[in-house]
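Could you explain how the labels attached to this structure follow from its computed values?

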Amino acid sequence: RAQGRDVQLKFVACEERDVGEIEALLARLSGWSPVDVLLMPEGRTRKELASRQGWVAARCVERGWRYCPRLHIDLFGNRRGT
């Protein structure tokens with residue numbers, strides 16, 4: 001970590017191939033650990049999120065990354081102000 005600063009690297013994934021692109025980018029960076037990586041499924045609707053949540057969560061578990069849900073979409077839908 002650069003001078004003891006906290007690091008968070010947040011990515012949004014739409015397709016499984018996005019994970020490869022994320023890994024390629026991470027390989028070029030230093031000063032981070034797997035727990036610094038947050039991965040969120042792309043989606044504006046509950047249906048879109050549901051179609052991606054499973055494999056996104058699985059990739060997080062495999063790599064020691066953190067899963068970042070879009071809880072506001074699950075709770076309220078895609079509404080302004082949530």
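The questions and answers below deal with a predicted model.

Q: Why is Asp 36 called buried?
A: Asp 36 has a relative accessible area of 4%, and because buried means under 20%, the residue falls in that class. Asp 36 is found in the loop between α1 and β2, where a polar atom of its side chain lies 2.7 Å from the backbone nitrogen of Ser 33.

Q: What makes the pairing of Asp 36 with Ser 33 a polar contact?
A: The distance between the backbone nitrogen of Ser 33 and the polar side-chain atom of Asp 36 is 2.7 Å, and the cut-off for a pair of N or O atoms is within 3.5 Å, so the pair qualifies.

Q: How do you know that the span of helix α2 agrees with its number of residues?
A: Helix α2 covers residues 46–63, and at 1.5 Å a residue its 18 residues should span 26 Å, whereas its end C-alpha atoms are 25 Å apart, which agrees. The helix nevertheless bends, by about 40 degrees, at Gln 53.

Q: Which residues of α2 are buried?
A: The buried residues of α2 are Leu 49, Arg 52, Trp 55, Val 56, Arg 59 and Cys 60. As general background, an α-helix has 3.6 residues a turn, so residues three or four places apart point the same way.

Q: Why do Arg 52 and Arg 59 count as buried?
A: Arg 52 has a relative accessible area of 14% and Arg 59 one of 16%; because the limit for buried is under 20%, both values meet it.

Q: What makes the pair of Glu 42 and Arg 52 a salt bridge?
A: The side chains of Glu 42 and Arg 52 meet at 3.0 Å, N to O, and since the cut-off is within 4 Å, the pair is called a salt bridge. This pair links distant parts of the chain, with Glu 42 in the loop between β2 and α2 and Arg 52 in helix α2, 10 residues apart. Glu 42, at 24% relative accessibility, counts as partly exposed, whereas Arg 52 is buried.

Q: How do you know that Glu 23 and Arg 63 link distant parts of the chain?
A: The closest N and O atoms of this salt bridge are 2.6 Å apart, and the pair joins Glu 23 in helix α1 to Arg 63 in helix α2, 40 residues apart. Glu 23 has a relative accessible area of 34% and Arg 63 one of 25%, so each is partly exposed, a class that lies between the limits of 20% and 50%.

Q: Why is Arg 17 called exposed, while Glu 15 is called partly exposed?
A: Arg 17 stands at 60% relative accessibility, and because exposed means over 50%, the label applies; Glu 15, with 36%, is partly exposed. The side chains of Glu 15 and Arg 17 meet in a salt bridge of 2.7 Å, N to O, and a search of the whole structure finds 6 salt bridges.

Q: What makes Leu 71 eligible for a nonpolar surface patch?
A: Leu 71, in helix α3, has 47% relative accessibility and counts as partly exposed; because a patch residue needs over 30% relative accessible area, the value of Leu 71 passes that limit. Together with Leu 75 and Phe 76, Leu 71 makes a patch of about 290 Å².

Note on methods: Residues numbered from 1 in each chain as written. Predicted model: local features only at pLDDT ≥ 70, side-chain atom pairs only at ≥ 80, totals over all residues. Heavy atoms only, no water. Helix = DSSP H or I, 4+ residues; strand = E, 2+ residues; numbered from the N terminus. Buried < 20%, exposed > 50% of the residue type's maximum accessible area, 1.4 Å probe, protein only. Polar contact = N/O pair within 3.5 Å; in protein donor to acceptor, adjacent residues only side chain to side chain. Patch = residues over 30% accessible without salt bridge, like charges linked within 9 Å, V, L, I, M, F, W, Y side chains within 5 Å. Areas by Shrake-Rupley, 256 points an atom, 1.4 Å probe, with all protein chains shown as cover. Expected span 1.5 Å × (residues − 1). Bend = angle between axes of the 7 residues up to and from the residue.
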